[in-house]
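The following note is addressed to a colleague who is meeting this structure for the first time. Please read the points in order, with the model open alongside.

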Amino acid sequence: MATRSHYEERHPMSTKATPAVNALKSAGVVHRLLEYDYDPDADAIGMAAAAALGVDPAMLFKTLVSDVEGMGLVCAVIPSPARLDLKALASAAGGKRASLADPKAAERVSGYVIGGISPLGMRKRLPTLIDASAGGLTEMIMNGGRRGLQIAAAPADIVRVLGAKLAPITVNKL
């Protein structure tokens, strides 16, 4: 039986399900929900979330919606301390060039707000690439579909549910 962290004991889980949480539940994926106080003024939201939860930032992944020439919108999932390598993303996705999508387009396609975008349960399912570093983890943490909610699960389960591909898509890992 999983034990609850000190943080979890002080902050009971919200009963509000999100499409991301529902996607894992309906796929039968074992997962944990982690809540924290979201800081909209944080310079690096993923790093702030990792600090608030007391987890290694390399385990906490951020979701970036990108526009890949010849492919359209693509979801990239990378560790919080890393930067997206747009050239590597374009190549891994089978396109020529990539750029970050307009935030409004990312919100529209995902059904989530910036700071709460999850690759799981998006309004429109996008081709998803997860940084290859996730393959070496026993658990990865990603946005749960709203600000202040994270989901922890095995990377293999996340890859399966999303139909994602693992690829080296980051630069400048901290």
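**Note on the predicted model**

1. Overall composition. The secondary structure of the chain comprises 6 helices and 10 strands. The coordinates are those of a predicted model. Of the 174 residues in the chain, 45% are buried. Among contacts between residues at least 6 apart in sequence, 63% join residues at least 24 apart.

2. Confidence. The chain has a mean pLDDT of 88, and 89% of its residues reach 70 or more. Residues 1–14 have a pLDDT below 50, and this stretch has 19 contacts in the model beyond near neighbours in sequence. The placement of residues 1–14 should accordingly be read with that pLDDT, below 50, in mind.

3. The open sheet. In what order do the strands of the open sheet lie? The sheet has 5 strands in the order 5-2-3-6-9, and their pairing is mixed. Strand 5 (98–100) and strand 9 (165–167) are the edge strands; each has a single partner strand, so one side of each is left without a neighbour in the sheet. Averaged over the sheet and with direction ignored, neighbouring strands are turned by 35° against each other. As a general point, the strands of a sheet pair through backbone hydrogen bonds, in either a parallel or an antiparallel sense.

4. Strand 6 and its partners. Strand 3 (residues 72–79) and strand 6 (residues 128–131) run parallel and are joined by 3 bridges. Within this pairing, Ala76 has Leu129 as its bridge partner, and Cys75 stands opposite Thr128. Strand 6 also pairs with strand 9, again in the parallel sense and over 3 bridges; here the bridge partner of Ile130 is Leu166. Both faces of strand 6 are covered, with Thr128 and Ile130 buried on one side and Leu129 and Asp131 buried on the other.

5. Thr128 in detail. Is Thr128, a residue of strand 6, buried or exposed? Its relative accessible area is 6%, which is under the 20% cut-off, and therefore Thr128 counts as buried. Leaving aside neighbours within four places in sequence, Thr128 is in contact with Cys75, Val77, Leu162, Ala164 and Lys165. In addition, a polar atom of the Thr128 side chain lies 2.9 Å from the backbone oxygen of Leu126.

6. Helix 2. Which residues of helix 2 (residues 19–26) are buried? They are Ala20, Val21, Ala23 and Leu24. Seen down the axis of helix 2, these buried residues fall within an arc of 155°, so they line one face of the helix. In an α-helix there are 3.6 residues a turn, so residues three or four places apart point the same way. The buried residues of helix 2 pack against strand 1, strand 8 and helix 6 (155–162). On the other side of helix 2, Lys25 and Ser26 are exposed. Just after helix 2 comes Gly28, which takes a positive phi of about 70°.

7. Helix 3 and the loop before it. The buried residues of helix 3 (residues 45–53) are Gly46, Ala49, Ala50 and Leu53. They cover an arc of only 100° around the axis, which puts them on the same side of helix 3. Gly54, with a positive phi near 70°, follows helix 3. In the loop between strand 1 (31–35) and helix 3 lies Tyr36. With a relative accessibility of 6%, Tyr36 counts as buried. Although 13 residues separate Tyr36 from Ala49 in sequence, the two are 7.1 Å apart in space, C-alpha to C-alpha.

8. The hairpin. What do strand 7 and strand 8 form? They form a hairpin with 5 residues between them, and Gly145 in the turn has a positive phi of about 100°. Strand 7 (residues 140–143) and strand 8 (residues 149–153) pair in the antiparallel sense over 4 bridges. In this pairing, Ile141 stands opposite Ala152 in strand 8. Strand 8 has already appeared in point 6, as one of the elements against which the buried residues of helix 2 pack.

Definitions and conventions. Residues are numbered from 1 along each chain as its sequence is written. This is a predicted model: local features need pLDDT of at least 70, side-chain atom pairs count only at pLDDT 80 or more; totals for chains, interfaces and linings use all residues. Side-chain values use heavy atoms; hydrogens and water are left out. Two strands pair if DSSP finds at least two bridges between them. Helices (H or I, at least four residues) and strands (E, at least two) are DSSP runs, numbered from the N terminus. Axes are lines fitted to C-alpha atoms, for helices over the stretch in contact, and angles run from 0 to 180 degrees between N-to-C directions. pLDDT is the predictor's confidence in each residue, from 0 to 100. Contact means heavy atoms within 4.5 Å. Buried means under 20% relative accessible area, exposed over 50%, partly exposed in between (1.4 Å probe, protein chains only). A polar contact is a pair of N or O atoms within 3.5 Å; within protein, one must be able to donate a hydrogen and the other to accept it, and residues adjacent in sequence count only if both atoms are side-chain atoms. The arc is that of the directions from the helix axis to the C-beta atoms.
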